[in-house]
Amino acid sequence: NSADRGINGCDTRKNDRGELTHLFLGILPIIAFERIGFTATPAFHSLLMILAVVIFVGALVFYPAAAIIRRRHHLRLIPVIHIPPAARIILWITALLYLVFAVGFSLGLSDPMEFASGVPSGLNIMLIIPLIAIPFTLSSFIYTVVIWRNAQGSVWGRLVYNLTTLLFVTALWQLYYWNLLGFQN
């Protein structure tokens, strides 16, 4: 790494390839900026979160709506061409857990004054939900393998199940990334 006097009298640091990696303000670098990769940007995480919420809400609405429509019109699915009921229930419960966490966590952050005396108890309770979602996410992943191996459900149904499961795993990764998976320090 090399340091230079760079942009507007600020100190900079470059990597071995000559790319700017750090920017220090003034002579005393008490404020430093570090270049981050795309996956560390708020825009990337916001995009993933919005996509996940849309898909999870879709799963919460679609599976019960499809069941109601089938029941109302006396439609029976041929067992080979539908996703097993247990897999659908696991997917639905998992989506519900992640959405309850997202809403509860957002509400827990709504009053910043509550943090003056520590982490609000309601927020601590919300941190339990992702831990409960882990075995459901794992079960959803296992069902993904099973439904593809046994060719259960339509190709579109399997792809949607895969996408939803992938977003469950992504949600866990984001929670881990932001130190929100359980009670970490």
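## Helix H4 and the largest pocket

In this predicted model, helix H2 gives the most to the lining of the largest pocket, contributing seven residues. The space in that pocket amounts to about 460 Å³, and of the 17 residues that line the pocket, those closest to its centre are Met49, Phe101, Ala102, Gln174 and Leu175. The elements that give two or more residues to this lining are helix H1 (42-72), H2 and H5. By residue class, the lining of the largest pocket divides as follows.

| Class of lining residue | Number of residues |
|---|---|
| Nonpolar | 14 residues |
| Polar | three residues |
| Charged | no residues |

Helices H2 and H5 also belong to the surroundings of helix H4, since what covers the buried residues of H4 includes helix H2 (85-108), helix H3 (121-126) and helix H5 (155-177). Helix H4 itself spans residues 128-149, a run of 22 residues that reaches 33 Å from its first C-alpha to its last, close to the 32 Å expected at 1.5 Å a residue. Along its course H4 bends by about 30° at Ile134, and a proline, Pro135, follows within four residues.

Which residues of H4 are buried? They are Ile129, Pro130, Ala133, Thr137, Ser140, Thr144 and Ile147. An α-helix has 3.6 residues a turn, so residues three or four places apart point the same way. After the end of H4 comes Ala151, a residue whose phi is positive, near 50°.

Conventions:
Residues are numbered from 1 along each chain as its sequence is written. This is a predicted model: local features need pLDDT of at least 70, side-chain atom pairs count only at pLDDT 80 or more; totals for chains, interfaces and linings use all residues. Side-chain values use heavy atoms; hydrogens and water are left out. The expected span of a helix is 1.5 Å times one less than its number of residues. The bend at a residue is the angle between axes fitted to the seven residues ending there and the seven starting there. Buried means under 20% relative accessible area, exposed over 50%, partly exposed in between (1.4 Å probe, protein chains only). Contact means heavy atoms within 4.5 Å. On a 1 Å grid over the protein atoms alone, a cavity is a set of points where a 1.4 Å probe fits but cannot get out, and a pocket is an open set with protein on both sides within 12 Å along at least five of seven lines; lining residues have an atom within 4 Å of a point. Grid points are joined across faces, edges and corners, and a volume is the space filled by probe spheres set on the points. Ala, Val, Leu, Ile, Met, Phe, Trp, Tyr, Cys and Pro count as nonpolar, Asp, Glu, Lys and Arg as charged, and the others, Gly among them, as polar.
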